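Okay, thanks for coming, everyone. Let me put the structure up, and then I'll walk you through a few spots.

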Amino acid sequence: ALTPIAPGAVLLYGFARGGDAALLQAIESVLSQAPLRHWQTPGGYTMSAAMSNCGPLGWVSGASGYRYAALDPLSGQPWPAMPACLMDLARRAAAQAGYANFTPDACLINEYLPGAKLSLHQDKDEKDLRAPIVSLSLGLPAVFLFGTPSRKDRPQRWRLVHGDVVVWGGPSRLAYHGVAALADGEHALLGRRRLNLTFRCVK
Ligand code: MD5
Ligand code: FE
């Protein structure tokens with residue numbers, strides 16, 4: 001089902017549920033090469049979600065700020081290549097939402113354990129803001145907070161479950177958003193965690 005949740009934002013409910021085992025295997029292979037880690041924010045806090053990346057560019061954070069980098073600061077090596085099944089999923093989801101020829105050059109992998117959250121923020125460090133961001137949710141359900149381009153507006157709450165894909169484009173691309181603290185639970189494939197992958201056109 002294709003559910004519009006805001007102007008430019010489309011929820012593809014269960015879009016990735018069929019191929020989940022293969023997707024997870026590809027993700028675990030990436031994470032064996034570039035392990036999940038907790039970045040420091042520029043303000044000196046440790047993020048509660050753990051992160052890694054695949055593809056040409058990866059999102060990194062530290063005392064000097066946020067940026068996209070071609071090398072993993074932990075290893076000094078390029079990020080692992082984006083597995084074909086992940087690229088293909090992102091492209092098919094974008095096309096279904098009306099964005100033909102989506103070719104992401106970055107895939108950020110976020111891992112949430114119970115209690116982990118992501119504070120309200122905008123994603124605006126990508127060069128071409130006309131390209132959407134495609135996000136894939138796996139594992140435990142999360143409450144996604146979805147506001148507007150104005151921080152003052154109170155966010156709506158959407159429950160995202162295993163296999164859901166959201167395409168954030170148009171006016172939603174610059175909406176404030178976040179993830180509420182993850183509730184404890186057990187997922188058959190992922191155990192006590194949630195993974196979220198975001199596919200982005202950065203350069
Ligand atoms: C997550 N990740 O569930 C979310 C899903 C991040 C992040 O926010 O930056 O890693 S991505 C949701 C998103 C992306 C771009 C725009 C909007 C939402 N939006 O307009 O609400 O880990
Ligand atoms: Fe974000």
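Let's start with Val165, which sits in strand β11, residues 165-168. Before I go on, keep in mind that this is a predicted model. So, Val165: buried or exposed? It's buried, with a relative accessible area of 0%. And what does Val165 touch, leaving out residues up to four places away in sequence? You've got Val10, Leu11, Leu12, Phe15 and Ala16, then Leu89 and Ala93, and then Val134, Ser135 and Leu136. One more thing on Val165: His177 is twelve residues along in sequence, and the two C-alpha atoms are 16 Å apart.

Hang on to His177, because we're going to the metal next, and His177 is one of the protein donors of the iron ion, ligand 2. The others are His121, through NE2 like His177, and Asp123, which is listed twice, each time as OD. Those protein donors lie 2.1 to 2.6 Å from the iron. In sequence, the spacing of the donor residues reads H-x1-D-x53-H. What about the geometry of the site? The iron ion has six donor atoms, the angles among them run from 50 to 173°, and the site comes out irregular. As for accessibility, His121 is partly exposed at 22%, whereas Asp123 is buried at 10%. The cut-off for buried is under 20%, so His121 at 22% doesn't make it.

Now over to the helices. Remember Leu89 from the Val165 contacts? Leu89 is also one of the α2 residues in the contact with α1. Helix α1 covers residues 20-33 and helix α2 covers 84-96, and they pack with their axes 9 Å apart, at about 125°. That angle makes α1 oblique to α2. Which residues make the contact? From α1 it's Ala22, Leu23, Ala26 and Ile27, and from α2 it's Cys85, Leu86 and Leu89. By class, that contact has seven nonpolar residues, with no polar and no charged ones.

Carry on past α2 and you get to Asn101, in the loop between α2 and β6. Asn101 has a phi near 60°, which is positive, and of course it isn't a glycine. It's also exposed, at 64% relative accessible area.

That loop takes us to strand β6, residues 106-112, where we find Glu111. Glu111 is a glutamate that counts as buried, at 13% relative accessibility. Which residues does Glu111 touch, again leaving out anything up to four places away? Leu36, Ala49 and Ala50 on one list, and Arg193, Arg194 and Leu195 to finish it. Glu111 and Arg194 are 83 residues apart along the chain, yet their C-alpha atoms are separated by 5.8 Å.

Last stop is Leu182, in the loop between β12, 177-179, and β13, 194-200. It's in a loop, but Leu182 is buried, at 6% relative accessibility. With the usual sequence neighbours left out, Leu182 touches Tyr112, Leu113, Pro114, Gly115 and Ala116, then Leu140, Pro141 and Ala142, and also Arg193 and Arg194. So Arg193 and Arg194 turn up in the contacts of Leu182 as well as in those of Glu111. And Ala116 is 66 residues from Leu182 in sequence, with 5.6 Å between the C-alpha atoms.

That's my tour. Happy to go back to any of it.

Key: Residues numbered from 1 in each chain as written. Chains lettered and ligands numbered in written order. Predicted model: local features only at pLDDT ≥ 70, side-chain atom pairs only at ≥ 80, totals over all residues. Heavy atoms only, no water. Axes fitted to C-alpha atoms, helices over the stretch in contact; angles between N-to-C directions. Helix = DSSP H or I, 4+ residues; strand = E, 2+ residues; numbered from the N terminus. Parallel < 35°, antiparallel > 145°, perpendicular 65-115°, else oblique. Contact = heavy atoms within 4.5 Å. Nonpolar A, V, L, I, M, F, W, Y, C, P; charged D, E, K, R; others polar. Donors = N, O, S within 2.8 Å, 3.2 Å for Na, K, Ca; no water. Tetrahedral: all angles 85-135°; square planar, octahedral: opposite > 155°, others 65-115°. Buried < 20%, exposed > 50% of the residue type's maximum accessible area, 1.4 Å probe, protein only.
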